[in-house]
Amino acid sequence: MLWVLPTAAGLTWAVLAVTLTVLVALRVRRLLPGARTRADLLLASWLVAVLAAVPAVSLAWPRLAGVLLVPLDGEPAPALGGGALGSGFLAVGLAVPALSAFVVLTLLLLAASRLGPAAGTAEGRTSLLVRVARALAPWATLLLAVLAALHQDLDGTTSLALLAALAAVLLAAATRPERAWPMLRPVVSGVRSAARGLLRASRVLTRAGGTPVGGDETPVWRSAAVVVACTALVLLTAGSWQNRPTVLGAAAVVVPLVLASRGALPRAAAPGLVGGAYAYGLVVAGVWLGWLGLDWVAAVCTVSAAASLTAAAVTVGPRVTRGEWFAVLGVTGVPFALGVLTVVGERTWWSAGAAVAMLLLELVLLLTRRPGLAPAVRVLAAGLVLPTAAVAVVSAGAVLLPGSGSPVLLPVVATAVAVVAGGAPRVAGFLTSRVPDAGTTARLVRGVLELSAVVTGAITVGLAYGRPSAGPDIAVAVLLLLAIGAGVVAREPDRTRAWWLAAALSTAAVWTALADGGVRLVEAYTLPPAVGAVLVGTLLARRAALRSAAETGADRAPAHGWRLAAAGLVLAVVPSDLTLALRDGAGDPRAWILLAAGVVLTLTVVLLLRRPRVSASWAAHARALLAGTVLLTSAGLAIESLQVAASALGAPGARFATGLAWAAAAGASALVAAAGARPGAPSARLRRLLDVAGHTPALLFLTAGAVANAEPHWGAIVTLWALEVALLVLLVLVARRLLRGLTTGVPAWAVWGAALAAAIAAWSPRELRVEVFSLPLGVGLVVAGSFALGAWEARLRIAGPGTADLPRPTLVGWPVGWTGSWALLAPGILALLGPSVLATFTDPQTWRAVLVVGVALAGVLVGSRRRLASPFLLGVWVLPVEVLIVFVSQLGTEISAVPWMLTLAAAGGVLLIIATLDERRTEGYGGAAAYLRDLR
């Protein structure tokens, strides 16, 4: 009975309002209260009626909640049902008391909003009751229409149809004609004409003492219409999930109505409305596909494809605003991501179709000239084009090809990689020329396309090698296709470094083919890339030299081409050297090949020296590189010499001769290489290096080979001794040239070290006494130091003490720059006497002891007469040491006493004579200490 009280209160208020209106119209002043009294009386009675309707009206809200909870009921029913609309969780109907009370409340609001002078309304002043009623009447009226559509006596389908019609009418009434869809403008115009007709009809109320609907009330009615229309759409969407047919039917109505609501709502809400409608349509489509029996992957792929095609169409279409476009793209991202996940895990036609649709969208986003596209979106689309195309190819191939599709699909993907990498500059050029202010974006797009090509190409190569079904031949095909693509990219002026990638891919293809053919020769793998690098580097250097000469007239050869050629030459020779060093035994054909190559290269150096090609600078660079290669081949010959030494095959003499021949050939080749590189050396650093140590490799190869092949027979011993003497003669010559300021190409210490190594090797069989080898070593050093000492003394005589201009002394540059007998003569004296003194203890001989004493006395005599410190003091020190060794351990056993005593007597006499002659000189210096300090 909740509806009785509000109905009675409403009727009472209506009787009061009619009575006052009649009295005002008849102007019965005796019975008519004042305006203020009338307003208060109507307001109080109206509030009583409204409050009386509140308990019954509150029963209508659970009905709305029940409709909103319909999606929570679980799986929608397969067919249409005859029941009312509502959720099983909250099965509440709209009872007659609630609806009746709501009707009463609505009538009260409408009647109060139309009161005229009876409610105290006068010109320019509206009573509080009328203002409140006019603010609430539109909301109550339209909400009553919603509740009427949800009456429990109506089945669910009818309620949904009524909600759709109500939402359509309200949106049409609230939409401005200029913002409506062109196809809906007649409907909007008709609804708005009907609304204007109702406004004109309300003027009749003025004859009955009321007020018509004014223009100031239109915004309230429009706001209420928009809000209630949106509420009806929400209820329609939620309630449609009660059974499957209504889901699809309601979606066909809701999506257009939401899109049409853009004309009624502010423009800022348009992107959200478009995105919401688009998303709901995709969800319903996916659910319906599942209801039709498609599995999850097929449904997701289909929705993803539809979303991608829709986004592509929206991108191309000109009628969508930028915000709405971005909303569509944002919503498309969700099914796009789901489609990517399914494509990665599945290989079906569904995944292939989704990938093709994605590819179409990516191409549209990449190449569109539509303004307003964010650069990040274009760059992202560029990065996804190639992977998506690869996935589409793989998915389609997995369905079409029986068994594994790798032999066919991997080359196809490699071709796509080459096409994308080669076309990236064209895409960037298109964007730069067609899209305004796209210079930076074009560069980013190009970089991302190339990066995606690199990544996809690397994955393709990995699969070509990793999948057993592919095989080496497919790997070769993939590598060659990628190499072609890299070559196309490298033709661009700012991508010339891609030639390295092309070369690496081509080399890998050649190596794979060789390995598949069972080739085990290391040069077969290294020579092809080496020859290619040499040819390309030489041609690049030639072209650069000719261009430089044509443009500037200068004879300059840029270094990058020569660096490539140098890398190729190193790659051509070094592997053979390493192979010779790592294998066991001599007689490898590589040594003869290296010898022949060294001869050919040497002849080429001579030819370029006599007849320069291209330009003098180009020829100088070429000679330097070829000379370096000859040096590498000579290193291989030296390695062969060491292998001969380690081999146990052949007669000893023949083995020594063979090893020495290889060492001599290595030394000769290295010597010729240094001689060919020196004239017109392309850089000052190289010239300095050649001047200081250009001939050192030749010395090293010759000495190392000769020493390593030393054998205990007279032929080897004599040869090594002769080599030692020759090197010591060379030492003297080197010292003389260095003192004259000329270049030698080898340091003096290196020559003496080589002579020392030869001497030790020759002495090691112990066939000859150590003095046979140590005396030449000492004499050579003493002679070289004597030349330097004489040059220093000559400078002192000319320039005077302390003013001689000498080079800075260095250990490498000895004896140049060194002064004094200690630096110049002491090494030779020690080399001359040291081995004999030690041998006196290990191998005592009378003649050896006499020799040591004699040489020491000679040193004392020379040092005393020439005022040289090192001969004098070393002789003084060696004498007692030698005497002590003989007397302590050897006298009377291996050393004869009589010759030894005679030697000592002679030595004493010589020392006495020296002392007598120097006594007066010592007194002139003020003592022996001062005299010794004055020695040089």
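## A charged pair to start with

Arg-495 is partly exposed, with a relative accessible area of 25%. Keep in mind from here on that we're looking at a predicted model. Who does Arg-495 meet in a salt bridge? The partner is Asp-494, and the N to O distance between their side chains is 3.4 Å. Asp-494 is partly exposed too, because its relative accessibility of 46% falls between the 20% and 50% cut-offs.

## Salt bridges across the chain

How many salt bridges are there? The count is ten. One of them brings together the side chains of Arg-590 and Glu-523, at 2.7 Å from N to O. This pair links distant parts of the chain: Arg-590 is in helix α21, which covers residues 589-610, while Glu-523 is in helix α19, residues 522-552, and the two are 67 residues apart. Are these two buried or exposed? Arg-590 has 15% relative accessibility, so it counts as buried. Glu-523 comes in at 9%, so it counts as buried as well.

Another salt bridge joins Arg-655 and Glu-711, with 3.2 Å between N and O. Arg-655 belongs to helix α23 (residues 652-677), whereas Glu-711 is in the loop between α25 (696-708) and α26 (714-739), so this pair ties together parts that are 56 residues apart in sequence. Both Arg-655 and Glu-711 are buried. Some salt bridges share partners, and that is how Arg-446, Glu-450, Asp-494 and Arg-495 end up joined in one network. So the pair we began with, Asp-494 and Arg-495, turns up again here as part of that network.

## Rings and a charge

Now for the aromatic side chains. How many aromatic pairs are there? The count comes to five. Trp-325 and Phe-326 make up one that is tilted, with 5.5 Å from centre to centre and 40 degrees between the planes. Why is it called tilted? An angle of 40 degrees is not under 30, which would make the pair stacked, nor over 60, which would make it edge-to-face, so tilted is the word that remains.

How accessible is each partner? Trp-325 has 0% relative accessibility, so it counts as buried. Phe-326 has a relative accessible area of 27%, so it is partly exposed. Elsewhere, a ring has a charge for company: the charged end of Arg-736 sits over the ring of Phe-787, at 4.4 Å from the ring's centre.

## Cysteines without a bridge

A disulfide is a covalent bond between the sulfur atoms of two cysteines. How many disulfides does a search of the whole structure find? The search comes back with zero. Still, here are two cysteines you can look up. Cys-230 is at 29% relative accessibility, so it counts as partly exposed. Cys-301, at 1%, counts as buried.

## A nonpolar patch

Which residues make the nonpolar surface patch of about 440 Å²? Leu-451, Val-454, Val-455, Ile-459 and Leu-463 do. To find your way there, look for Leu-451 in helix α16, which takes in residues 439-466. Leu-451 has 53% relative accessibility, so it counts as exposed.

## An unusual backbone angle

Most residues other than glycine have a negative phi. Arg-766 is not a glycine, yet its phi is positive, about 65 degrees. Where is Arg-766 found? It's in the loop between α27 (748-763) and α28 (771-799). With 57% relative accessibility, Arg-766 counts as exposed because that value is over the 50% cut-off.

## Apart in sequence, and in space

Last, here are two pairs for which we can set the distance along the chain beside the distance in space. Ser-395 and Trp-350 are 45 residues apart in sequence, and their C-alpha atoms are 8.8 Å apart in space. Ser-395 is part of helix α14 (residues 375-400), and with 0% relative accessibility it counts as buried.

The other pair is Ala-907 and Leu-879, which are 28 residues apart in sequence and 9.3 Å apart in space, again from C-alpha to C-alpha. You'll find Ala-907 in helix α33, residues 897-924. Is Ala-907 buried or exposed? It has a relative accessible area of 6%, so it is buried.

How values were computed. Residues are numbered from 1 along each chain as its sequence is written. This is a predicted model: local features need pLDDT of at least 70, side-chain atom pairs count only at pLDDT 80 or more; totals for chains, interfaces and linings use all residues. Side-chain values use heavy atoms; hydrogens and water are left out. Rings of Phe, Tyr and Trp (its six-membered ring) pair if their centres lie within 6.5 Å; planes under 30 degrees apart count as stacked, over 60 as edge-to-face and the rest as tilted. Buried means under 20% relative accessible area, exposed over 50%, partly exposed in between (1.4 Å probe, protein chains only). A charge sits over a ring if NZ of Lys or CZ of Arg is within 6 Å of the ring centre and within 35 degrees of the ring normal. A disulfide is a pair of cysteine sulfur atoms within 2.5 Å. Patches are made of residues with over 30% relative accessible area and no salt bridge: like charges are joined within 9 Å, nonpolar side chains (Val, Leu, Ile, Met, Phe, Trp, Tyr) within 5 Å. Accessible areas come from the Shrake-Rupley method with a 1.4 Å probe; for residues, only the protein chains shown count as cover. A salt bridge is a side-chain nitrogen of Lys or Arg within 4 Å of a carboxyl oxygen of Asp or Glu. Helices (H or I, at least four residues) and strands (E, at least two) are DSSP runs, numbered from the N terminus.
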